[in-house]
Amino acid sequence: MTFIIKKKKKLKKYFLPHSLFQTMLHKQRKELFILFFLFLYCFDCVYVGGENIIKDPQELKWKRNVDGSYYGEIYFGAIETEINDLGTLVTRTYGIKRGNKIHYSIPSPTLRFTRGKTYNLLLINDLEPVEINPEHNVLKNPNVTNIHTHGLHISGEGNSDNVYVSVNGGEKFQYTYEIAENQLSGNYFYHPHSHGSTYLQVGGGAVGPVIVNDDPKEEMVPASFVEMKERIFVIGKIINVTGVGGDELFWTDIEDPFWTVNGIYKGTVEMQKDEWQRYRIVVSDPFAGPRTLQIGTPETCQVVLLSRDGLFRSTVPQNLSENSIILTGASRVGFGVKCTEIGTTSIIMEDVAVAQINVVDYRKPNTFASPYDPDGSVWKPQFPEYMHNLLDIDPNGDTKKIFISPTAVNFESFDPEIPFSTVPLNSINEFTLVNSNGHPFHLHIYPFQIMSKDCPGFDYGEFYDTISAFSPTGCRIRFYAYNIPGKAMMHCHIVLHEDNGAMSFLYVDDSDPLPPLPPDTPYLFIE
């Protein structure tokens, strides 16, 4: 009997002695023996399921430096791929090198961080250089890129999360991410943010997950929660951006925008029956307005809310009566999911089934894994200083109304030298968003707390980094400009509008900082 196993990119044959095979048959242990054989000889193999099975994105493997920091390389280049049942796509995305080959992928590789560590990431632009157009607020420079770590509480200047960095084709740039000890764990994401080419590159699918690992002891995360199997999904809409900004690379024969889940069109997620799993979801839609996401139905699956925009909810988990939630096309969400009926159910975005969940019963479920505390109760995470409860603390910084148009913030188009406002370090600031339902608002670095009770999909007292909601009086948000001085970008997350000038920045001034809030100020659940 012969097994052919793919191992380390080579096909190898392993021969099983005939007498031993017959003995196993006689003892009716054939299946067990085969599993044991695969475990011994194929521990490095990659499982490939049936057709269009949705697997987690590839992940960058960091190398540890002698000083305790970490180093990795990420490439930006072209990929040609077949989108099953639809057609061909030629686009730009990020990739990682394995062996001598660069593996570009949709979605881009996962970047995983641990709190309190420093990561040095070398971005290598593998595209051809282009002549730089210095004009602002136009579509331009299709091969110029950078990396924005959307949602992380890190500096927006220097070689950190600095969107002013421009990396032309053939160039490199060394990012250094100092992940703070108090960075809240969660699922964030990254994408290009080079002004003028963001729409082209994000619309073409250049988006990847960022995971900050749980810190169970410091964040008071129950052992049952950590035990849940993690699944990472990028639900991404890809649009036809042929010719945008003078581009000559992007090409597709797919006319209409389409959703994929981890690069697969209408694929299948396999899930063990009666087992809680942790879904870490990134939603990427270049037009980014309010979207409804649904996981299965209440009759087939139990779905509870763990986080929004990578940020734990004030009480975990929270019930979702219809298994659905309103979010933006630039949101992240964490779900606990347990399906109890064998068969298929759907993941639905904008009333379209973007994937199906195939619920199977192929092993004993992990019954300890749960989004709840081991005693079955909800639990409260420990939040970092930059997520203080601000509901009863008056602003001592700036208070403004914000109106966004397709080309401006408060009627001023983006100027890289002129801030929207200058506020003191450690100040508490309040904005009233007049029309975020039509122009989703994103603030870099500082999560904001919802102060209004009538912003559908965005709960009073909870924290987010992107919002798209209508309120007759405007959605009020507060944020604490804690600990990190310098530029903090703010903009419409319809990335075409952002490129065309619907962007500005706060300047957080540390020349005369305000005293920080007392460290024991609680972040309490709002009933």
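**Exercise 1. The five-stranded sheet**

What is the order of the five strands in the open sheet, and which pairing does the sheet have?

Solution.
- The model is a predicted one.
- The strand order is β26-β30-β35-β32-β33.
- The sheet is open, and its pairing is mixed.
- At the edges stand β26 (399–402) and β33 (463–464). Each has a single partner strand, so one side of each is left without a neighbour in the sheet.
- Take the β26 edge. Its strands β26 and β30 (residues 428–433) run parallel and are joined by four bridges.
- To find the register, start from Ile402: opposite this residue stands Leu433 in β30.

**Exercise 2. The partners of β25**

Determine how β25 pairs with β16 and with β24, and describe the hairpin.

Solution.
- Start with β16 (residues 267–272). This strand pairs with β25 (residues 352–360) in the parallel sense, over six bridges.
- A register point: Gly267 has Ala355 in β25 as its bridge partner.
- Now take β24 (residues 343–349). Strands β24 and β25 run antiparallel, with seven bridges between them.
- A register point here: Ser346 has Gln356 in β25 as its bridge partner.
- Finally, the turn. Two residues separate β24 from β25 in the hairpin. Glu350, in the turn, has a positive phi of about 55°.

**Exercise 3. The setting of Ser468**

Is Ser468 buried or exposed, and which backbone oxygens does its side chain reach?

Solution.
- Locate the residue. Ser468 lies in the loop that runs between β34 (466–467) and β35 (475–480).
- Check accessibility. The relative accessible area of Ser468 is 1%; buried means under 20%, so Ser468 is buried.
- Follow the side chain. The backbone oxygen of Ser436 is reached at 2.9 Å by the Ser468 side chain. For the backbone oxygen of Asn437, the distance from the Ser468 side chain is 3.3 Å.
- List the surroundings. With neighbours within four places in sequence left aside, the contacts of Ser468 include Ala288, Gly289, Pro290, Thr328, Pro440 and Phe458. Ser436 and Asn437 are also among them.

**Exercise 4. Three salt bridges**

Place the salt bridges Lys237–Asp285, Arg363–Glu275 and Asp465–Arg332 in the chain, and classify their residues by burial.

Solution.
- Lys237 and Asp285: the closest N and O atoms are 3.6 Å apart. Lys237 is in strand β13 (residues 229–238), and Asp285 is in the loop between β17 (277–284) and β18 (291–295), so the pair ties together parts 48 residues apart in sequence. Lys237 has 14% relative accessibility and counts as buried. Asp285, at 2%, also counts as buried.
- Arg363 and Glu275: the closest N and O atoms are 2.8 Å apart. Arg363 sits in the loop between β25 and β26, and Glu275 in the loop between β16 and β17, so parts 88 residues apart in sequence are tied together. Arg363 counts as partly exposed at 31% relative accessibility. Glu275 counts as buried at 3%.
- Asp465 and Arg332: the closest N and O atoms are 3.0 Å apart. Asp465 is in the loop between β33 and β34, and Arg332 is in strand β23 (residues 332–339), so the tie spans 133 residues in sequence. Both residues, Asp465 and Arg332, are buried.
- A network also exists: salt bridges with shared partners join Glu59, Arg112, Glu230 and Arg280.
- The salt-bridge count is 21.

**Exercise 5. Aromatic pairs**

How many aromatic pairs are there? Classify Trp62–Phe113 and Tyr446–Phe479.

Solution.
- The count is 23 aromatic pairs.
- Trp62 and Phe113 lie 5.8 Å centre to centre, with 35° between the planes; the pair is tilted. Trp62 is in the loop between α2 (30–41) and β3 (63–64), Phe113 in strand β7 (residues 111–113), 51 residues apart. Both Trp62 and Phe113 are buried.
- Tyr446 and Phe479 have ring centres 6.1 Å apart and planes at 20°, so this pair is stacked. Tyr446 is in the loop between β31 (441–443) and β32 (448–450), Phe479 in strand β35, 33 residues apart. Both Tyr446 and Phe479 are buried.
- Last, the cluster. Trp62 and Phe113 belong to one aromatic cluster with Tyr70, Tyr119, Phe173, Tyr175 and Tyr177.

Terms used: Residues numbered from 1 in each chain as written. Predicted model: local features only at pLDDT ≥ 70, side-chain atom pairs only at ≥ 80, totals over all residues. Heavy atoms only, no water. Pairing = 2+ DSSP bridges. Buried < 20%, exposed > 50% of the residue type's maximum accessible area, 1.4 Å probe, protein only. Polar contact = N/O pair within 3.5 Å; in protein donor to acceptor, adjacent residues only side chain to side chain. Contact = heavy atoms within 4.5 Å. Salt bridge = Lys/Arg side-chain N within 4 Å of Asp/Glu carboxyl O. Phe/Tyr/Trp six-rings, centres within 6.5 Å; stacked < 30°, edge-to-face > 60°.
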